[in-house]
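User: I am new to reading protein models and would like to learn how to look at single residues and at a bound ligand. Could you take me through it step by step?

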Amino acid sequence: MPSRVHLIAAARPNFMKVAPLWHALSAAPDFAPVLVHTGQHYDPNMSDAFFADLCLPAPHHHLGIGSGSHAEQTGGVMIAYEKVALSDRPNWIIVAGDVNSTAACALVGTKLGIPVVHLEAGLRSRDRAMPEELNRLVTDVLADVLWTPSADADENLRGEGIPESRISRVGNIMIDSFELVRPAIEAAKVPEEFGLERGGYGVVTLHRPSNVDDPEQLLRLVDALIEAQRRLPLVFPVHPRTAKRLGAAFLDSRLRRAGVRLVEPLPYVRFMSLVTGAAAAITDSGGIQEETTYLGIACLTLRENTERPVTISEGTNRLVCPETMLIELERALTAPRVVRCPDLWDGKTAARCVDDLRRRAGPLRLPVTPPDGAELVRRYSGGERRAGGSRYRRGV
Ligand code: UD1
């Protein structure tokens, strides 16, 4: 019997992490992957378009959670996913990244005694004001297997006392997605469609609450972007959270008047086509810091910290604030282009993940059968305490 593997997809940045793994597991006879979409992102251009671009099938389970406060979203996913996990009884649950659904499903899986794997484990910004940092901490402390993208992530986990046996460095799965659809990205010609000259424009994305939910910070950012637009034409695909904030303060029309091109969020292939032709990205996204490092495109990250320091030490990334954006942009545009990619960012991460899963399930080959409802009642009513050596963990 192939091992049933739940792949949890929730929000835009998850889809690029889950897709290569979905394809690799689907091709492996010993695994039966099942796609679970929590519905954290639901607009067609934040979700369906990514499924289409990355050749993902419709999810087997769609939890339809949608937006809400952190507790509503996290709790909603837990309640809905627990039912699916109990009825479907996967052998493994794979959660990706650092969104609310990641922590929610990790919590459900570990409480049910189902082995949980965290893809993109070990990243730390050390900024607990970031909801994502809390999701990373919770997920890593719970997950049985930690798939890391880079050496700094391994170090972070070791520093938190996580045993070596739980850590496997697999590389950066985002690069697999890029390579998976590179021909489509190269054929897309989005810069030309927008009338932009390759190498002669910048791409902007902003969505972090610390940047867009604070009206004063948003105003400072808009002013800085208007200055930057005088140096380099900017295209700005606007995240729904940001669109609301800009619209409420009439800052969208101010950006437009200055010549900044505001467009709807773009699907993966079209967005990567735009990034590939850009001279620079100005962003607060995690994924774009990595993609620009891989492509050797300058990246100015509008944050005080990054959980991806390797994009600074080995890549093209630099941290900026509204006050330093212009000077750093000038520096980035005049610096020689460097393409120096971190180790294992090579498009083969999904294959390493499958090998690792096989190795861990290997000799002890459980079948890992999650407990049924009666067993759970017994366990949580005090009849049995789950110990580190539970039978659901032996293969891990
Ligand atoms: C979420 C993740 C963040 C990730 C980002 C990528 C958490 C805590 N945050 O932030 O880590 O970098 O996704 O985009 O999990 N909305 C829509 N349509 C959608 C989705 C959202 O209109 O399809 C609007 C809603 O008004 C919602 C707001 O955007 O309230 C924010 O969405 P939410 O998923 O809560 O957080 P993101 O800012 O997208």
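Analyst: This is a predicted model, and we can begin with one residue, R308, which is found in the loop between β12 (298-301) and α16 (310-313).

User: Is R308 buried or exposed, and why?

Analyst: The general idea is that a residue is called buried when its relative accessible area is under 20%. R308 has a relative accessibility of 4%, and therefore counts as buried.

User: Which side chain does R308 contact?

Analyst: The side chain of R308 is joined to that of E290 by a polar contact of 2.7 Å.

User: Turning to the ligand, how many residues surround it?

Analyst: The ligand is surrounded by 19 residues, and the closest are Q40, H41, E132, R241 and K244. By class, this shell has five nonpolar, eight polar and six charged residues. The largest share of the shell, three residues, comes from α12, while α3 (70-88) and α12 (240-248) each supply at least two of its residues.

User: Which N or O atoms of the protein lie close to oxygen atoms of the ligand?

Analyst: In the side chain of R241, an N or O atom is 2.7 Å from a ligand oxygen, and for the side chain of H41 the corresponding distance is 2.8 Å. With Y42 it is a backbone N or O atom that lies 2.9 Å from an oxygen atom of the ligand. Taken alone, the ligand exposes 730 Å², of which the protein buries 89%.

User: What kind of space does the ligand take?

Analyst: The space taken by the ligand is the largest pocket.

Definitions and conventions
Residues numbered from 1 in each chain as written. Predicted model: local features only at pLDDT ≥ 70, side-chain atom pairs only at ≥ 80, totals over all residues. Heavy atoms only, no water. Near = heavy atom within 4 Å. Polar contact = N/O pair within 3.5 Å; in protein donor to acceptor, adjacent residues only side chain to side chain. Areas by Shrake-Rupley, 256 points an atom, 1.4 Å probe, with all protein chains shown as cover. 1 Å grid on protein atoms, 1.4 Å probe; cavity = no way out; pocket = protein on both sides within 12 Å on 5 of 7 lines; lining within 4 Å. Sits in = over half its atoms within 2 Å of the grid points. Helix = DSSP H or I, 4+ residues; strand = E, 2+ residues; numbered from the N terminus. Nonpolar A, V, L, I, M, F, W, Y, C, P; charged D, E, K, R; others polar. Buried < 20%, exposed > 50% of the residue type's maximum accessible area, 1.4 Å probe, protein only.
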